[in-house]
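Visitor: Please take one helix of this protein and go through it closely. Start with how far the model can be trusted.

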Amino acid sequence: GECKRVPFELRPLILDVVQLLSVRAADGRIALTADDDGWPSCPVNGDPDRLREVLINLLGNALKYTGQGGNVRVSCRADEHLVALSVHDNGPGISPEDQKRLFDPFVRLSTRETGEEGAGLGLTITKQLVEAMGGAISVESAVGVGATFTVTLPQP
């Protein structure tokens with residue numbers, strides 16, 4: 001599908017998706033929060049519908065892998081050129097080897113083996129959507145500490 005590139009404000013979309021997934025989080029006894037204390041405005045250039053899908057994907061994965069009593073947090077920050085949208089979890093984390101293959105299609109990740117389907121396909125599509133909007137996606141993680149997925153997008 002085509003990706004629009006229109007200027008819009010990221011904050012309402014983040015709060016909306018957090019609200020949408022709050023029931024799932026509560027069911028799993030996971031604290032799902034948007035870091036919105038003193039957020040600057042986060043204007044981005046992109047496709048609001050696609051970005052909603054991206055955020056639902058990333059948050060859905062975080063909720064799936066974090067487990068009971070976990071914390072999942074979304075934040076956004078802006079500098080002069082870019083906006084960074086981050087999803088942090090305190091789940092099992094992802095090994096360096098798996099991080100390299102994370103966005104490849106159909107990868108089942110060994111460190112996150114929960115008897116469910118791996119995160120492979122969702123992340124491949126997520127990466128394609130982000131790149132179609134002129135953005136990039138990256139991951140930082142340490143095994144046993146959790147993972148942070150960051151999407152960077154151009155400002156309008």
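Guide: The protein chain has an average pLDDT of 86 (the predictor's confidence in each residue, from 0 to 100), and 87% of the residues score at least 70. Residues 113–118 have a pLDDT below 50; this stretch still has eleven contacts (heavy atoms within 4.5 Å) in the model beyond near neighbours in sequence. This is a predicted model, in which local features need pLDDT of at least 70 and side-chain atom pairs count only at pLDDT 80 or more, while totals for chains, interfaces and linings use all residues. Residues are numbered from 1 along each chain as its sequence is written, and side-chain values use heavy atoms, with hydrogens and water left out.

The chain contains four helices and seven strands, taken as DSSP runs (H or I, at least four residues; E, at least two) numbered from the N terminus. Their order from the N terminus is β-α-β-β-α-β-β-α-α-β-β.

The part chosen here is helix H2, residues 48–66. Its 19 residues should span 27 Å at 1.5 Å a residue (1.5 Å times one less than the number of residues), and the end C-alpha atoms lie 26 Å apart, which agrees. At the start of H2, a side-chain oxygen of Asp 47 comes to within 3.0 Å of the backbone nitrogen of Asp 49. Along H2, the buried residues (under 20% relative accessible area, 1.4 Å probe, protein chains only) include Leu 51, Val 54, Leu 55, Leu 58, Leu 59 and Ala 62. An α-helix has 3.6 residues a turn, so residues three or four places apart point the same way. Just after H2, Gly 67 has a positive phi of about 80°.

Methods: Buried means under 20% relative accessible area, exposed over 50%, partly exposed in between (1.4 Å probe, protein chains only). A polar contact is a pair of N or O atoms within 3.5 Å; within protein, one must be able to donate a hydrogen and the other to accept it, and residues adjacent in sequence count only if both atoms are side-chain atoms.
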